[in-house]
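Here are two short exercises to work through with the model open beside you. Try each task before reading its solution.

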Amino acid sequence: NADVMLRMHQELKKYMPEHVIPIPYLNSSSTDLIPYVPVFIGDWYPIKRANSSGRNPWCVYPEFQRVVKLAGSKPVWFMPQGFGTYENYAFPTSGEIRLMLHLAVAAGVRGIAWHGFPNGHWPWMMNYNMYPYSHLGGGGQHAPSWDGVRDAGRTFATVGPLLSNGTVAPLPDNASISCGEYKSPNGYYQGRAVKLFAQRLPAGMLFLAVNQNPYGVEKATIYLPGNVFDLTALASAKNKIELTLASGDAAYFVCDASEEELQAVFQSRFRAEAARYVLLADRAKGAGIPTADLEALRKMPPAKALESLFAEFAKLEAAIQASPLGKTLAEMQEIRSALDEIDFRLGVARKLVVTADMEKNTKRYARWVPHQDAKYEAIRNRLARAFGEFYRITDLIDTGTFTPELAAAVTALVPQAREAAQEAHAWLDNHPDKAMIDDPYEGNANR
């Protein structure tokens, strides 16, 4: 209802800073509301359970091609599926995430706004009513498909300035691709294994080659015109390029770009990498390890600044690796991997770890009452303590605190977390009702 939406916006403006503009997200089908919003943010969640419409990441392209065309000069953003449920919605794989995002870009969207993460739910521990599956948990847990979010984010941190000024264009005659065919197991896609798309920039031309196989690696040869710049390698490239693309991934190139366009690329990537450097530097300072002056780097030309930042990154990582902090961070990663894995698995086993009596007797937003199986309850309590200790230590290290006592606490936590996770895995493996364990990735070609 446009009248209600506009009235709500007027009310919000009374309480929000002047520079903040309320922008609703809408179903991508609600294109009748395009005239009433400054940016059209459309959600589209095509990764469904087998008892629904199944997994169809390829439909993102025609859906947003349609929306972008209707929107005209108004920017369109894509709200992708960052969640899964026990009923209708399956959980996107890494390859499906990459494919959906790159196809949306190929269709002309100007931004990404996720729905479903970071998630506030902890399904095996707390009685919340939110999504059971999320790529990023409320406590920072990484789901198995987090890699897809990470990979696409790194790409967009580089090519973002070009995409924001690009306009979808037909593939020119002097650009082409050679590759094999791909047919999805569910029949939703059959065609070129890798597709080549183009966008016209104010000066140059942007090309992206997208692997249409979300479940496997594909190869292709592309032929591009003019002076080619590889936006992944951040270096000049030949006109004939051999590609090997991970599942659903894409490679981006710009041809005959202006100096201004290239500098915007370097500047954007520098901002993203500088943020990562600050996080690592905060950890290093707690161990007394010297770090670079980012303000000095920011004064350099963008390409030189980024090159220098990469060098400082390598220098800082080597210094950390050679220090006691390096050992502690490696142990922290070991703990995180063990906890992330069992966290996700307990979520898919919710019917086993949360009984009907527990649901009946636990207040909303409270920790689940004790499980009837005393063995599992003891395991759950050990895991909860491991999670709590892990995040307590993480907060200290991330904010620049590092002491021998903290390092010793991490070393002691490694076997505690690993053994608690192993016991939980064994409990699930040996459960007489393990057939009730959910498969949120059901229907993908890797299963």
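**Exercise 1.** Decide whether D340 is buried or exposed, then find its partners.

*Solution.* D340 counts as buried because its relative accessibility is 10%, where buried means under 20% relative accessible area and exposed over 50%, with a 1.4 Å probe and protein chains only. Before going on, note that this is a predicted model, in which local features need pLDDT of at least 70 and side-chain atom pairs count only at pLDDT 80 or more, while totals for chains, interfaces and linings use all residues. Residues are numbered from 1 along each chain as its sequence is written, and side-chain values use heavy atoms, with hydrogens and water left out.

Next, place the residue: D340 sits in helix α8, residues 324-348 (a DSSP run of H or I, at least four residues, numbered from the N terminus). Now look beyond its neighbours within four places in sequence: D340 is in contact (heavy atoms within 4.5 Å) with Q141 and H142. Finally, check the side chain of D340, which reaches the backbone nitrogen of H142 at 3.4 Å.

**Exercise 2.** Work out which element gives the largest share of the lining of the largest cavity.

*Solution.* Start with the space itself: the largest cavity holds about 150 Å³. (On a 1 Å grid over the protein atoms alone, a cavity is a set of points where a 1.4 Å probe fits but cannot get out; lining residues have an atom within 4 Å of a point.) Of its 17 lining residues, those closest to the centre are P132, S134, G137, D343 and F344. The largest share of the lining, four residues, comes from α8.

Key
Helices (H or I, at least four residues) and strands (E, at least two) are DSSP runs, numbered from the N terminus. A polar contact is a pair of N or O atoms within 3.5 Å; within protein, one must be able to donate a hydrogen and the other to accept it, and residues adjacent in sequence count only if both atoms are side-chain atoms. On a 1 Å grid over the protein atoms alone, a cavity is a set of points where a 1.4 Å probe fits but cannot get out, and a pocket is an open set with protein on both sides within 12 Å along at least five of seven lines; lining residues have an atom within 4 Å of a point. Grid points are joined across faces, edges and corners, and a volume is the space filled by probe spheres set on the points.
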